[in-house]
Structures are given as structure tokens and as C-alpha cells.
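Have your viewer open and your selection tool ready. We will go from stop to stop, with a word on what to pick and what is there.

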2 protein chains.
Amino acid sequence: MSHRHDSYLGYLNGYDADVTGAFPRAATDQSLLRRLNELSVLGALRGNGARPLREVADATGLSWRSAQVVTEKLGEQGWLAETEAEADDKRIGRPARRYRFRSEAGYVVGLDIGQRKIRVIIADLDATVVSSHQVEVSAEDSADARLESADQALREALATAGIQPQNVWAVTMGTSGVIAPDGTITSVLLPGWTGLDPRTRLTAVAPCPVTVVNDANLAALAERWRGRSAENMIYLLVGMRLGAGLIISGKLHTGSGGAAGEIGMLQGSGWNDASERLAATPVAPVNESPEDRDLAATRVFQAARESHPAALAAVDRFAADLARGVTPMVLTVDPELVVLGGSFSHAADLLVPRLETLLAGTCVHTPQLAASERGDDAVAYGALRLALDTVDQRIASLDSASPLIPAAVRGH
Amino acid sequence: MSHRHDSYLGYLNGYDADVTGAFPRAATDQSLLRRLNELSVLGALRGNGARPLREVADATGLSWRSAQVVTEKLGEQGWLAETEAEADDKRIGRPARRYRFRSEAGYVVGLDIGQRKIRVIIADLDATVVSSHQVEVSAEDSADARLESADQALREALATAGIQPQNVWAVTMGTSGVIAPDGTITSVLLPGWTGLDPRTRLTAVAPCPVTVVNDANLAALAERWRGRSAENMIYLLVGMRLGAGLIISGKLHTGSGGAAGEIGMLQGSGWNDASERLAATPVAPVNESPEDRDLAATRVFQAARESHPAALAAVDRFAADLARGVTPMVLTVDPELVVLGGSFSHAADLLVPRLETLLAGTCVHTPQLAASERGDDAVAYGALRLALDTVDQRIASLDSASPLIPAAVRGH
């Protein structure tokens with residue numbers, strides 16, 4: 001018997017909810033079984049290309065006849081498509097029908113609204129990216145201007161991919177700040193952002209539901225999705241801003257008020273100005289210090305690699321500032337892994353060994369440290385993942401009267 | 001369709017495991033359905049007293065005949081007992097048979113091995129306590145002596161309740177220190193405790209599986225079980241030692257190395273000697289300061305209530321020390337609730353308002369603060385709950401060849 005089944009019953013038995021004796025009702029509901037069989041067929045086809053009915057029956061344990069009934073019903077609903085028989089099938093008499101999951105039945109959007117850029121990623125139901133779009137914005141842009149840019153970028157990305165707005169099933173927006181469960185933002189970074197509820201401003205996809213989540217949290221989710229398998233992980237967004245996202249028991253933990261990982265508020269952590277202090281280190285004639293602070297920081301890291309004394313001292317100090325926030329988070333959560341992401345992750349060669357030494361000196365159980373392998377699209381990818389999760393939950397709902405309406409079948 | 005079913009499918013669909021497309025296999029397995037029906041009947045009876053077959057059928061949605069078959073099978077296995085018909089049943093012809101869940105089919109043990117006391121609680125499968133036993137030990141006892149005392153206490157508690165050792169299905173032991181997933185303890189409190197694996201030393205219940213868990217973690221679990229419903233909670237064990245246990249998303253979070261909540265390791269937190277500093281505050285002639293440090297601390301709290309200046313300053317300082325550990329945990333986890341438990345919880349009137357002020361000054365989202373409503377049996381109760389959870393999972397296993405063998409039916 002599989003672990004999954006065991007856990008299901010543990011769950012139904014109230015194991016998670018600590019209610020003794022809350023066993024499931026009897027599984028005698030025929031419509032429930034029919035729905036389970038539908039989900040089973042969807043599962044056999046999703047992510048597995050086109051398969052003949054016999055393979056669907058084998059994979060699901062259904063009889064050939066049941067598999068046929070279920071497959072036809074899902075086809076009528078727009079979830080499955082019949083494909084052309086392949087060439088080698090034609091050699092042996094009548095070709096076997098093949099069915100595939102219609103990943104183009106719906107789309108999801110991941111959106112990263114940052115200080116200087118807005119990124120849009122659109123993917124189909126197989127998580128295949130069909131459109132990716134980025135626009136530059138100014139740090140001084142008003143909230144209205146920033147949201148208008150985002151809406152426009154989304155509109156263009158949809159147009160480029162030829163996707164109708166009504167076929168977008170979920171949008172997740174990542175941005176800086178603490179985002180309360182009611183969607184309200186508190187942010188010191190973006191002008192006019194505090195008190196804003198940006199969910200209603202994306203007219204490009206109305207009336208699709210929009211979720212707003214803190215950017216470091218989404219980057220953590222992206223790392224868990226396409227990077228690391230650690231069950232308990234602290235993701236550090238390290239750049240001109242410092243932030244953290246938590247994965248606990250394999251899931252994103254945002255906290256009861258959306259403020260999990262806000263360790264920068266700790267007095268004396270130095271997180272507020274650690275990056276600016278680093279970037280301001282004089283490693284060249286003052287009039288050569290670039291206005292772009294990320295670039296200034298990059299020069300300091302490079303100078304440290306070349307053993308420039310002031311740069312080395314600045315990197316040591318930056319690592320110590322970082323550790324002052326990371327150490328209490330590690331002592332609280334005890335993760336297997338701490339991932340260094342964000343724009344400074346290119347300096348992991350300097351930062352990881354220093355952090356390792358600092359953590360080993362204070363932590364009971366020192367986690368592994370590693371640089372993120374993702375680029376600066378981590379927030380948008382995390383947003384995409386969360387949007388997909390929402391849709392997956394709705395697809396897998398036992399309520400077969402799903403509110404999701406697959407996009408019209410455009411030929412087989 | 002219920003939330004539970006939705007979550008089950010979310011789970012099977014790989015929502016938790018972030019694997020897209022991992023749908024469940026078809027629910028065509030007849031033995032699986034039979035087992036689901038058994039669990040459904042167990043659920044209808046467990047915690048609900050004796051019920052006639054017709055009520056079992058109604059509650060489960062099974063036909064009368066199916067309910068009868070399943071009930072008889074569970075009766076043969078020792079999970080159910082037929083009870084005497086009630087008096088008023090007899091007035092109307094032949095009395096209806098009634099069935100009840102045999103909560104006496106097995107037992108679980110919660111054990112708290114502390115510095116000065118060992119507490120044993122034994123409960124049946126309905127979580128009804130059938131035996132509770134406490135013995136005093138010395139802080140200087142060797143590990144061997146302490147474990148021998150625990151073994152003896154457990155033996156006596158079993159004998160008092162007339163329970164055969166083979167009918168104990170799970171034991172959880174709570175004790176101080178960081179307990180690694182392999183069971184190894186690291187503790188500075190108890191002599192000889194570091195490096196110990198105490199699981200094999202409880203001969204009174206051999207060969208029953210024994211789990212070892214940190215005491216603050218278990219107290220957190222007890223608070224969640226019989227106190228607070230918060231999904232995200234930090235439990236503070238506040239006494240002559242300071243510790244913390246975390247409930248995250250409704251579940252106990254022990255961390256990847258069993259070291260979650262070990263914020264006392266944070267340099268400058270002052271958690272190591274905060275309690276002793278408080279207890280050592282001179283509030284009476286020096287020769288009247290009691291050797292019992294808990295009692296000495298109680299006197300300082302009492303003096304503070306009577307506005308003794310040195311005592312008030314000591315309590316302020318203690319609250320500040322406490323906050324230096326609590327603040328980073330709150331910033332990391334963002335819980336709804338912080339519970340003040342442990343032997344100093346009687347001073348919640350002094351500590352909670354001070355902590356509230358200190359947290360409100362630094363936290364993004366200030367949690368609710370409250371005193372624990374449990375006594376000093378919290379660790380033993382948390383241990384009992386964890387042991388029950390283990391057994392519940394095994395009872396609810398879809399594998400009907402359960403390794404649990406109900407105690408012999410002793411008459412109806």
C-alpha cells in the first residue's frame with residue numbers, strides 16, 4: 001500500500017487536525033468514484049503525450065470499456081484531444097486512436113513587479129512557457145504608472161502568444177513588501193505601494209483571480225520547484241535589498257500575516273543598509289563609482305577577489321550582516337538548506353564560505369549552504385508555480401462541476 | 001464536496017509534492033473499497049459510544065447489509081464489541097444489537113523525563129487517561145539511574161491499571177535537549193544524557209516502539225491539542241530553563257535536525273542565564289533565599305507585584321531577555337499566537353504585558369500573546385498525543401493486514 005494512500009487516510013482520520021475519530025464517510029458514492037476515475041485518466045495522460053486507449057486502461061487499472069467512456073466524456077468537456085494516428089500505426093490495419101491531455105485548455109500567468117523591471121511569464125497547463133516578456137520601469141514610477149506598465153506588458157504577452165484573456169485561469173503577482181492575507185501591501189520600496197490592493201488593476205485578464213505574494217517567498221518556491229528538493233529551506237534574496245522566503249515541510253510558509261521571513265526588522269541586524277554600505281565601499285577613484293548600485297556592488301566583489309583590502313573588509317562585514325539575520329532564522333526553523341539567491345548570487349564564491357563559518361559557530365545543526373541556480377526570473381517563475389498550483393487544485397477537485405472551462409477545441 | 005476530499009485530491013495530484021500530473025490511480029480496487037468501508041464504520045463508532053447497526057448504516061451511507069458484514073468482521077478482529085441492549089430497548093420486542101469501538105483494544109504512553117520528576121500517562125485509544133504516575137528524581141542522577149526510575153515508574157503505572165505490556169502500542173518520551181532524527185540526544189541539562197539513545201532502555205514495554213522528542217516541542221503539541229487552535233504558534237517553555245516549540249500549519253515542526261526553536265543559542269539572547277539572574281535578585285535578607293530556584297523566582301515575581309523596585313527591574317530585564325529570543329522567532333515564522341507556558345506561566349500577569357510592548361515595537365505583524373492554560377503535565381500530554389497520532393495512523397492504514405493486534409475481547 002502506498003505512502004500516499006496512508007497519508008490520505010491519516011489526513012481523513014484527523015491526524016493533521018488532531019481530532020481523534022474523524023474517519024471518512026463510506027466510499028459508496030458512485031459519482032465520487034466516477035470523478036476519481038476521470039482524475040485517474042487525466043493523470044495517466046497529463047505530461048505523458050498521446051497514448052492509445054489500451055495504455056490508458058493499463059495505466060489506470062480501468063477496463064477498456066470504462067476507459068473509453070471516461071475518455072470520451074473528458075474529450076467532450078475539452079480536457080482531452082484525439083490525435084492523428086502516427087505513421088507506424090498505419091502499417092498495421094486500422095490505426096489505434098490516441099488521446100492527449102489538452103495543455104492548451106487553459107493558461108496561467110506569473111508576474112514579477114519589481115523596482116526597475118516588470119516580468120511576465122505565461123505557461124500552459126503542462127507548465128510549458130508560451131510567452132515571456134520584460135519591460136523596464138523607473139524606481140520613481142508612481143503606483144498607477146507601475147501598474148499600468150504591468151497591465152500593458154501582460155496585454156502584449158497575451159497578444160504575442162495569441163491567448164484570449166478568458167483562457168487565463170490564474171495570475172500570481174510577486175512584489176516587494178509584506179502582503180497581508182487580505183491582499184493589502186506594506187512596502188517601503190515602491191512609491192505609493194503601501195495600502196494598495198493591486199489585484200483589481202490588471203484589466204488585461206479580468207475577471208481572472210489575481211493573487212499577490214511577497215517576492216522573496218515566490219523566489220523560494222521557484223527554487224523548490226526547479227532547484228532544490230529540501231523539505232525545509234530558507235531562501236535568501238540577496239541584492240540591493242535583503243529578503244527571505246521559507247519552505248517548511250515542502251510548502252511555502254508565508255505566515256499568519258504574510259510577514260514570515262521579515263528578519264530584516266530585527267534591531268541590529270543591519271539588513272536595511274548592509275547592501276548600500278557594501279556598494280559604497282571605495283575601490284576606485286570616487287568619480288568612477290557607478291550610479292547603478294548593483295554594478296557598484298559587483299565592482300566591490302570583484303575587487304575583493306583581487307584582494308583589495310577595503311573590499312575584503314566590506315565583504316566580511318556584509319557576510320556578518322547577512323549572518324545576523326540568517327542565524328536566528330536557522331535557529332528557529334532548523335532547515336536542511338539555505339539558498340543564496342538574488343542579484344548578488346554571482347558572488348556566492350565569496351559569500352557562501354563566509355556564511356558557512358559564521359553559521360557553524362552558532363548553530364546547533366548547521367544547514368547546507370548553496371547558491372541559487374536560477375537567474376533573476378526566480379520571482380516570476382515562483383509566481384507561475386503558485387498560479388499552476390491553484391489551477392491544479394481546481395482541476396483535481398472532486399466536484400466535477402468545475403468552474404474551469406477548457407478553451408474551445410481547435411481541431412484534433 | 002467537502003474540503004477534505006478536495007485536499008486529498010490536491011495531495012494525490014502532487015500539489016504538496018509539486019509534481020505536476022501525478023494523479024491517483026483509478027479507485028477500482030475492491031479490497032481498497034472494503035478497507036475504506038471498514039475505516040468508515042470505525043469512524044462512525046469511535047468516540048460515539050454504542051450505536052445500533054441502523055445508526056452505523058445511516059452515518060456511513062452503507063446499506064444495512066454491508067454495515068452488518070463490515071461490523072461483524074471488525075468485531076472478529078477485536079476492534080468492536082457488541083454491548084448489552086439498553087433497558088428501554090427491551091420494551092419493544094427483541095432488543096437491537098449495539099456496537100461500540102473497543103477503546104481498550106490498545107494503549108499509548110506519554111512519558112516526561114525531567115530534571116527533578118518523571119511523569120507517566122497511559123491512555124486508551126479514545127485518549128481517556130487510565131493511569132497517571134509521577135516520581136521525583138534528583139538533578140544529579142546518572143543517566144542509568146534516571147532511565148531505571150523511568151522504567152520502574154512505567155512498570156508501576158501499567159500494573160496499577162492492569163495493562164499487559166504487549167497491549168501498549170506506542171510510547172513517546174519527552175526530555176530536554178536537541179534530539180536528532182536518529183534519536184541521539186544533545187543535552188547540557190541532564191548528566192550523561194548527550195550521546196544517549198534512551199529508546200532501548202524501557203524494558204517495561206519492550207518491544208513497543210519508543211519515540212524521543214524535545215520537551216518544549218511536546219508542550220507545544222499539548223497546547224495545540226487541548227488549548228489553542230492557532231495554525232501557527234510559538235510555545236515558550238519558561239521556567240528555570242527557557243525553550244520553544246513551534247506549531248506550523250497546524251503541525252509540530254521539529255526541524256531537519258530536531259533543533260527547531262533552539263533560539264537560546266543566539267549570541268546575546270541571554271536565554272542561558274536569564275532565569276537564574278531573575279531568581280538571584282535579592283528581594284529578602286540573603287539567608288532567606290530558598291535553594292529551590294523555582295521558589296526563589298516565584299518570590300521575585302511576588303515582590304514585583306508588591307512594587308519592590310529591584311524585583312520590578314529584574315522582571316523588566318527578564319522580559320527583555322525573553323523578547324530577545326521571541327522577537328527573531330516571530331519575525332521568522334509570523335505566528336498568530338505566542339503561548340507562555342512552563343513553571344513561570346503563573347507570572348503571566350507580569351510577563352505577557354511586558355512582552356506585548358516589546359514585540360509590538362519591533363514586529364511587522366504582532367501576534368497575540370497568552371498564558372498556557374495547561375499545568376506542568378504539558379510535556380507528558382504532548383507525548384501522549386504524539387503516541388496516539390502514531391497509532392491512529394496505523395489504525396487508519398489502508399493496509400488491512402495491520403500490525404496492531406487488539407487486546408483479547410474480555411466479554412461484551
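**First stop: an arginine over a ring**

Select A:W225 and A:R226: the charged end of A:R226 sits over the ring of A:W225, 4.2 Å from the ring's centre. Keep in mind throughout that this is a predicted model. Now move to chain B, where B:R226 lies over the face of B:W225, with 4.2 Å to the ring centre.

**Second stop: two crossing helices in chain A**

Go back to chain A and colour helix α7 (residues 215-226) and helix α12 (residues 378-395); their axes come within 7 Å and cross at roughly 75°. Angles of 65 to 115 degrees count as roughly perpendicular, and α7(A) and α12(A) are therefore described that way.

Show the side chains where they meet. From α7(A), the residues to pick are A:D215, A:L218, A:A219, A:L221, A:A222, A:W225 and A:R226. Both members of the arginine and tryptophan pair from the first stop, A:R226 and A:W225, are in this list. Facing them in α12(A) are A:A378, A:V379, A:Y381, A:G382, A:A383, A:L384, A:R385, A:L386 and A:L388. Sorted by class, the contact of α7(A) with α12(A) has 12 nonpolar, 1 polar and 3 charged residues.

**Third stop: an aromatic cluster**

Over all chains, the structure holds 10 aromatic pairs. For one of them, select A:F301 and A:F344. Their ring centres are 5.2 Å apart and the planes stand at 80°, so this pair is edge-to-face. Where do the two residues lie? A:F301 is in helix α9 (residues 293-305) of chain A, while A:F344 is in the loop between β14 (337-341) and α11 (348-360), so the pair ties together parts that are 43 residues apart in sequence.

Are these rings buried or exposed? A:F301 has 0% relative accessibility and counts as buried, and A:F344, also at 0%, counts as buried too. Add A:F318 to your selection, and you have one aromatic cluster made of A:F301, A:F318 and A:F344.

Next, pick A:S275, which is found in helix α8 (residues 274-279) of chain A. This serine touches two members of the cluster, A:F318 and A:F344, along with A:G239, A:M240, A:R241 and A:L242, leaving aside residues up to four places away in sequence. A:S275 counts as buried, at 1% relative accessibility.

**Fourth stop: a helix pair in chain B**

Switch to chain B and select helix α3 (residues 53-60) with helix α4 (residues 64-77). They pack at an angle of about 105°, and their axes are 9 Å apart. α3(B) and α4(B) are therefore roughly perpendicular to each other.

On the α3(B) side, show B:L53, B:R54, B:V56 and B:A57; on the α4(B) side, they meet B:W64, B:A67, B:Q68 and B:T71. By class, this contact has 5 nonpolar, 2 polar and 1 charged residues.

**Fifth stop: a buried isoleucine**

Still in chain B, select B:I179 in strand β8 (residues 178-179). B:I179 has a relative accessible area of 7% and is buried. Which residues does B:I179 touch, not counting those up to four places away in sequence? They are B:T184, B:I185, B:V212, B:V213, B:N214, B:G257 and B:G258. Try a distance label to B:T254 as well: C-alpha to C-alpha, B:I179 and B:T254 are 9.1 Å apart, with their positions 75 residues apart in sequence.

**Last stop: zoom out**

Finally, show chain A as a cartoon, with its 12 helices and 15 strands. Of the 412 residues in chain A, 56% are buried. Among contacts in chain A with a separation of 6 or more, 65% come from residues 24 or more positions apart.

Conventions: Residues numbered from 1 in each chain as written. Chains lettered and ligands numbered in written order. Predicted model: local features only at pLDDT ≥ 70, side-chain atom pairs only at ≥ 80, totals over all residues. Heavy atoms only, no water. Axes fitted to C-alpha atoms, helices over the stretch in contact; angles between N-to-C directions. Helix = DSSP H or I, 4+ residues; strand = E, 2+ residues; numbered from the N terminus. Parallel < 35°, antiparallel > 145°, perpendicular 65-115°, else oblique. Contact = heavy atoms within 4.5 Å. Nonpolar A, V, L, I, M, F, W, Y, C, P; charged D, E, K, R; others polar. Phe/Tyr/Trp six-rings, centres within 6.5 Å; stacked < 30°, edge-to-face > 60°. Buried < 20%, exposed > 50% of the residue type's maximum accessible area, 1.4 Å probe, protein only. Lys NZ or Arg CZ within 6 Å of the ring centre and 35° of its normal.
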